[in-house]
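Work through the exercises below with the sequence and the structure open. Each task is followed by a solution in steps.

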Amino acid sequence: MPTTASSAAHALTDVTASDGSLRRFLHGLPGVDTVGLEARAASLGTRSVKTTAKAYAIDLAISMVDLTTLEGADTPGKVRALGAKAVHPDPTDRTAPTTAAVCVYPDMVAAAKEAVAGSGVLVASVATAFPAGRAALDVKLADVKDAVAAGADEIDMVIDRGAFLAGKYLKVYDEIVAVKEASGAARLKVIFETGELSTYDNIRRASWLGMLAGADFIKTSTGKVAVNATPANTLLMLEAVRDFRAQTGVQVGVKPAGGIRTTKDAVKFLVLVKETAGEDWLDNHWFRFGASSLLNDLLMQRQKLATGRYSGPDYVTVD
Amino acid sequence: MSDKPKNTEKTSEKTTDKKAEQHRRLSVFKTYKLYVGGKFPRSESGRVYEVTDPRGTWLANAPRASRKDARDAVVAARKAFGGWSGATAYNRGQVLYRVAEMLEGRKGQFVQEVADAEGLSKAKAAEQVEAAIDRWVWYAGWTDKIAQVVGGANPVAGPYFNLSSPEPTGVVTVLAPQESSFLGLVSVLAPVIATGNTAVVIASEKSPLPALSLGEVLATSDVPGGVVNILTGGTAEIAAPLAAHQDVNAIDLAGADEALAKELEIAAADNLKRVVRPQPVDYSATPGTDRLTAFLETKTVWHPTGALGASGSSY
Amino acid sequence: MASAMDSAFAYAPAPESRSVVDIAPSYGLFIDGEFTEAADGKVFKTVSPSTEEVLSEVAQAGEADVDRAVKAARRAFEKWSALPGSERAKYLFRIARIIQERSRELAVLETLDNGKPIKETRDADLPLVAAHFFYYAGWADKLDHAGFGSNPRPLGVAGQVIPWNFPLLMLAWKIAPALATGNTVVLKPAETTPLSALFFADICRQAGLPKGVVNILPGYGDTGAALVAHPDVNKVAFTGSTAVGKAIARQVAGTKKKVTLELGGKGANIVFDDAPIDQAVEGIVTGIFFNQGQVCCAGSRLLVQESIHDELLDSLKRRLATLRLGDPLDKNTDIGAINSAEQLARISSLVEQGEAEGAERWSPSCELPSSGYWFAPTLFTNVTQAHTVARDEIFGPVLSVLTFRTPDEAVAKANNSQYGLSAGIWTEKGSRILAVAGKLRAGVIWSNTFNKFDPTSPFGGYKESGYGREGGRHGLEAYLDV
């Protein structure tokens, strides 16, 4: 089983010794054939998940949701409502599992902590000048430290996509290492913004770069750009964590975020997890959904399974 | 468009006029509208013109499209081009065939409209409409074959793989024939979109109604909005801005007379539009591939193969 | 396999409903637009390979029936070939559309009769069948443009014999181009999978196809032999084993019959060290386990560059462990049943021979259903060119893994076969793809993909994999007097 993230760095120390060696390593990873990858993702999307399997998947998916609000208009009131929803997703049915976490901006962490206190729901905070990440490193680190000081259990950082696309891999790496250190005990999710990295080869390279730098989770996207989580880019990242564990013994989590709105979508992602990374990842310690509207659809489907009738938006809470 | 039930007239002779009025059902007229971007707008100009049958009987008012309608149609056609040209040839074939299926179901309406528009007997009009339906089928079958007929591998003298494939030109303005209001229209429109182009069509000026009704069929035939845009009004008035439009890639001048054609061809030269000049065409005859190839570009791709040396080191 | 080791998130059974297809207790021969009994009254049973349940009893055509069917086809030929191409086109378009409409029913039927997973009949077989008719429909009135000169003429009556691995798709490959070009058809489906062809007869009826244009004669090999031998057959099209293909080639010697043969294969799937590995693994799996490996163009020989052998094999084995074998009607089944007891016996015997010759056999842990004909996905490693499992077509879910060191060696080994139907090339280097493809003696070469089919694309083999091409513009030639 996985040990700690730092041993990964030991296993592949040479790789990160210099910009040159890091580049050679990342560019030496096997290529990705776009058509083949997307065909595989689509084919797994045809799995038919029914009855008991569906009930299990819905509860598992609910437990994996990082219930998210990342708006300029966020207020403590909005965050409290979100926290309450995370703790009791379905007020009419207390058997519904809690979500994994709520995900907010750093200045809302304290309010979020209060809202979920004692429930086991974690508080994740985006940081590092989310979503663009265009700030000096010390500003980003201050952002992280703020969130951690306010009690964040998890930090969702964004990588410097500009540096990545310019080929300055070591800069990206060093920044992740620094954020990891600043995060202390909080688990670190590294957001690549896959829509901006554009190619699957880049996504595979970013995945390895993030894992080498000590990411606890690799995450697709911020939810703020046109293309966010897709079955194909998530499948690719699941292959990366699978291969990374095989090579280093370190298990890293995966978090697709943005664009996953329906139960049907969520179940497809769980199928990807099961058939790519494997059962070890079918747990909210290792897989998350960054989402907001998804939760209500999961709850409506859950009600449908329980009662046999289709539910409607008036029977889940608006938060 | 007279649909007075005959036996009602008979009874009216026996009864009072007032009672006859009670019996006779007043038909609902159709408001003919343009077809642009998958929607049915009235003309931006707010103007219409009278459409009559060859004997001068009023049939309907048709929208008189302005240069702004033309501009909107080009925007819609350009927006649709990526998706339509990127669809598989098989998919486009299915969609064109669907048009034929939908037309078959509304044959009666088109026979009536063509008969009225061109002053034909029902039987002659039916021939025109049936030929038009079959023309969609003909072009449905071409979508996934034209590349096999006009494209192919080229045996270049060197270690290269070399393949030429046709690609659609882009947005094509089509001046539909003035005389053949439906069969002629279909004969010039279908080949344009079969290969993945999108079209801005200017319908026959004096017989525009079958074209506008075709828009209704296209809208319910899985043809994505914007792939075909249909304008009615003064051909010369609408064609001028389209011939000069920098975002139009080609123009079919089938519906232009000699003077207009020359004028439009000169305007089209500004951005080197591909131009099909007007020529006498027997629309009842099976077409060739001319109208398909007129709006195709040929793309040739070179790729090294490595030499076939004995050592194999080159691959 | 997956079903055995599933923990919490186990897929519940998701069976496609059998009730969407109504199979009659018995079927006749389809001759001249009518279902009739065989002249000698013979019948045979067709069973579901996944359960051994008898699905129906089917008339078995004898020589007299063949003669009757060929005569019907000859009578129909005169009018059919004289129809304008545009009218023949419309019949074929109708057939294509009816197949699309009835595709769910036909997919279930095919899965029941053949044993292949519903996922495949639903997502591969049926869409391809409809597409094939759609494509050739469009050619019917465009033959002047097909490159065979103006007004090319049909041959006459086509005698067509098809295999059991893609029953309806092989029917489409045979019938669609034949009808488009103006020929009429007598077709013999395989004895283990006659039902979809008989349902197709009903589709011809719905489409209003003139009587006698399509005739369907279920039967065994002797029925096929009688059809091929019939003096009034102008064209023979056969898909099946190389042994039968050779017999047909001898049989038609000295006649004017035009022949196309689509026979066996031992496709090499060549994986270079710079391949996109995850996609290559998928391609290898698709290459050999699609349709339980009962595919003439299967990638049954994996040629892997020695430098990545271990890594690739690890990935491949891990992937095989996720394959789900079982009820073909379950939408989550990846591997269905072997088509017949005979085929299962042949696979088993060749696999035993492989073991006896020293190749190393591996399968994922896998529970096979108690009834029906099943074979677990199987790998052979330590295979050399001398092993039987590297040379003979197994026609089952069995992959032989060989290694190579250089591209030259890969090409030499790939070509070292009596067959030449298909090959795969996996590398990110474009020039290597084209150079290797240029040297391979095979009719269909896939690079960075495998087992892709399209009606526009010609298919057929080199060497003992047969001659003639089906599909595409090239597929017309086999049915034209050119």
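Helices (H or I, at least four residues) and strands (E, at least two) are DSSP runs, numbered from the N terminus. The model is predicted.

**Exercise 1. Backbone geometry**

Task: Where in chain C does D32(C) lie, and what is its phi?

Solution.
Step 1. Find the strands β2 (29–31) and β3 (34–36) of chain C; D32(C) sits in the loop between them.
Step 2. Read the backbone angle: phi of D32(C) is near 55 degrees. This is a positive value in a residue other than glycine.

Task: Which peptide bond leads from F130(A) to P131(A), cis or trans, and where is P131(A) found?

Solution.
Step 1. Omega for the bond from F130(A) to P131(A) is near -5 degrees, and the bond is cis.
Step 2. Place the proline: P131(A) belongs to the loop between β3 (122–127) and α7 (137–149) of chain A.

**Exercise 2. Which chains touch**

Task: Which chains have the most contacts between them?

Solution.
Step 1. Test chain A against chain B: no contact joins them, and their closest C-alpha atoms lie 15 Å apart. The cut-off that matters here is heavy atoms within 4.5 Å.
Step 2. Two pairs of chains touch, and of these chains B and C have the most contacts.

**Exercise 3. The interface of chains B and C**

Task: Describe the interface of chain B and chain C by its area, its polar links and the elements on the chain B side.

Solution.
Step 1. Count residues: 28 from chain B are in contact with 29 from chain C.
Step 2. Take the area. About 2500 Å² is buried between chain B and chain C, with 61% of it on carbon and sulfur atoms.
Step 3. List the polar links. The rule finds two salt bridges across this interface of chain B and chain C. E101(B) and R97(C) meet through their side chains in a salt bridge, at 2.9 Å from N to O. Eight residue pairs are in polar contact between chain B and chain C, both residues at pLDDT 80 or more.
Step 4. Assign the elements. On the side of chain B that touches chain C, two or more residues each come from α4 (89–105), α6 (122–142), α7 (146–150) and β10 (296–304) of chain B. The largest share, six residues, comes from α4(B).
Step 5. Sort that side by residue class: 11 nonpolar, 12 polar and five charged.

**Exercise 4. The interface of chains C and A**

Task: Treat the interface of chain C and chain A in the same manner, and name the residues of chain C that lose the most area.

Solution.
Step 1. Here 26 residues of chain C are in contact with 27 residues of chain A.
Step 2. Chain C and chain A bury about 2200 Å² between them, and 48% of it is on carbon and sulfur atoms. F9(C), Y11(C) and Q279(C) lose the most area to chain A in chain C, together 32% of what that side buries.
Step 3. There are four salt bridges between chain C and chain A. The side chains of R242(A) and D278(C) form a salt bridge at 2.8 Å, N to O. The rule also finds nine residue pairs in polar contact across this interface, both at pLDDT 80 or more.
Step 4. At least two residues each of the side of chain C that touches chain A are supplied by α5 (118–139), α10 (277–289) and α11 (309–320) of chain C. The largest share, four residues, is from α10(C).
Step 5. By class, that side of chain C holds nine nonpolar, five polar and 12 charged residues.

**Exercise 5. Open and closed spaces**

Task: What lines the second largest pocket?

Solution.
Step 1. The volume of the second largest pocket is about 1100 Å³.
Step 2. It is lined by 46 residues, of which W164(C), E191(C), G240(C), S241(C) and V244(C) are the closest to its centre.
Step 3. The largest share of this lining, five residues, comes from α9(C). The lining divides into 21 nonpolar, 15 polar and 10 charged residues.

Task: How many cavities of 30 Å³ or more does the structure hold, and what lines the largest?

Solution.
Step 1. The structure holds six such cavities.
Step 2. The largest cavity encloses about 100 Å³ of space. Among its 15 lining residues, R301(C), A414(C), Y419(C), G420(C) and S422(C) are the closest to its centre.
Step 3. α14 (407–415), β16 (419–420) and β17 (422–426) of chain C each give at least two residues to this lining. By class, the lining of the largest cavity has seven nonpolar, five polar and three charged residues.

Methods
Residues numbered from 1 in each chain as written. Chains lettered and ligands numbered in written order. Predicted model: local features only at pLDDT ≥ 70, side-chain atom pairs only at ≥ 80, totals over all residues. Heavy atoms only, no water. Buried area = accessible area lost by both parts, 1.4 Å probe. Polar contact = N/O pair within 3.5 Å; in protein donor to acceptor, adjacent residues only side chain to side chain. Nonpolar A, V, L, I, M, F, W, Y, C, P; charged D, E, K, R; others polar. 1 Å grid on protein atoms, 1.4 Å probe; cavity = no way out; pocket = protein on both sides within 12 Å on 5 of 7 lines; lining within 4 Å. Points joined across faces, edges and corners; volume = space filled by probe spheres on them.
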